[in-house]
Amino acid sequence: KLEYPELDKLLDFDPAEEALRWSKTDLQQLVKPYWPEDHHIRSSRYVVYLNEELPELAAECNTWSATYDQTLVLNLDGEVLASFDQTRHVNIDTLIHCKIFNPDPLTVLGQSYGGIYKDLNDVNSTWMDPAYSLANIPATYSTGTSTFYLENPLVKMDDLEAPVAAVATALTPDFYFDRSQTGFEDVNVFYHISNFHQYIDALGYGSLMNLQLTADAHAQFGADNSVFNRNGGSPTILFGTGGVDDGEDADVIIHEYSHGLSWSANNNSSFSNERSGLDEGLADYFATSYSRNLSNFHWDSVFTWDGHNEYWPGRTASTTNMYPTTGSIYKTGEIWNAAMSGIWSDIGAIETDNLMLEALHFFTDQTTLPEAAIYILQADTARYGVVHTTAICNR
């Protein structure tokens, strides 16, 4: 029995007569074309539904089980006016399996760029086969789409800028690509950012860049360049594809991420020229240390695969240039990297990485290299009780 006198004035049908028609309708047969045979109506009710602004009496039918939960709204002619999947899905932290360059193919194979050991426009040459390494990375699985995604609390891969390249996904946890496929750079960037942050977290500096960065492994409109952007507190890294794809060289990946560490430590915003050089130097240092921990081969050739070739000369971690320099910010950065890499040789990787990470918190927009050297000494006092003073001062 329907008793809605207010509605009677609005509806162009007699609710009582309509209810009588519905009472003679087999709802299960009505929903049969839209649900599998094992989906039976568990509950139903009549509702007034606005169909293209016109109200009509409809049946709202619900079916559910341990694995599904759905609702259909149908009119007397069996037309679906609305349907709802009431299942609430969740993204699950998981591990994916992949192939990477660790840190780059030339370092792994102990070769210099040239001869057969060339980029050749992303061709997956046979000489590269032994250069791939297998790895596992924390990622995300969506129960809603039954799909694995390159996303975790630290980094999310996305397509932010040309060239357009859809980010790799998979229906299984296996992301085995080679460098001729765009998915390889996606995975390589995703792995090295995640792995590096796990390392600095283990050192006690996990609060740096403790956020989800967005990265595009195919960006910069095809230019041979990569950039870190603060993006109003939601930082991004864009990796260029000119020359050797930047996303194939861990040196480039760690360098750009280290700009993020510097920003995260103190939110600097308006660097002096020398401070910009210092930032390039500390980013080069972290890239050098990361790769050097994996192999000593050509450890001082920063950007071993991406540079030192026909595309650009790369940089060095063992310059003999002295401060001050009238060169570019990158030449200034080489001086800083050479000093820190020298300390690395004297006291070890973990100790020097700790000094660099600690000193980041003292840097301002105008910090000079000599001031930064004092901060390294202060970091040694705080972390190691001045044990390394002589080594630091010598370098």
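The following exchange covers the core, the cysteines and one sheet of a predicted model.

Residues are numbered from 1 along each chain as its sequence is written, and side-chain values use heavy atoms, without hydrogens and water. Local features need pLDDT of at least 70 and side-chain atom pairs count only at pLDDT 80 or more, while totals for chains, interfaces and linings use all residues.

Biologist: Which residues touch the most other members of the largest nonpolar core?

Modeller: A nonpolar core is a set of buried Ala, Val, Leu, Ile, Met, Phe, Trp, Tyr and Cys residues joined through side-chain atoms within 4.5 Å. Buried means under 20% relative accessible area, exposed over 50%, partly exposed in between (1.4 Å probe, protein chains only). The largest core has 79 residues, and those touching the most other members are Phe 175, Leu 261, Phe 286 and Leu 360.

Biologist: Is Cys 98 buried or exposed?

Modeller: Phe 175 touches Cys 98, among other residues (contact: heavy atoms within 4.5 Å). The relative accessibility of Cys 98 is 0%, so Cys 98 counts as buried.

Biologist: How many disulfides are there?

Modeller: A disulfide is a pair of cysteine sulfur atoms within 2.5 Å. Searching the whole structure gives a count of 0.

Biologist: Which strands stand at the edges of the open sheet?

Modeller: Strands are DSSP runs of E, at least two residues, numbered from the N terminus; two strands pair if DSSP finds at least two bridges between them. The sheet's 5 strands follow the order β9-β7-β6-β5-β10, with mixed pairing. Each edge strand has a single partner, so one side of each lacks a neighbour in the sheet: these are β9 and β10.

Note on methods
Helix = DSSP H or I, 4+ residues; strand = E, 2+ residues; numbered from the N terminus. Lists of a residue's contacts leave out its neighbours within four places in sequence.
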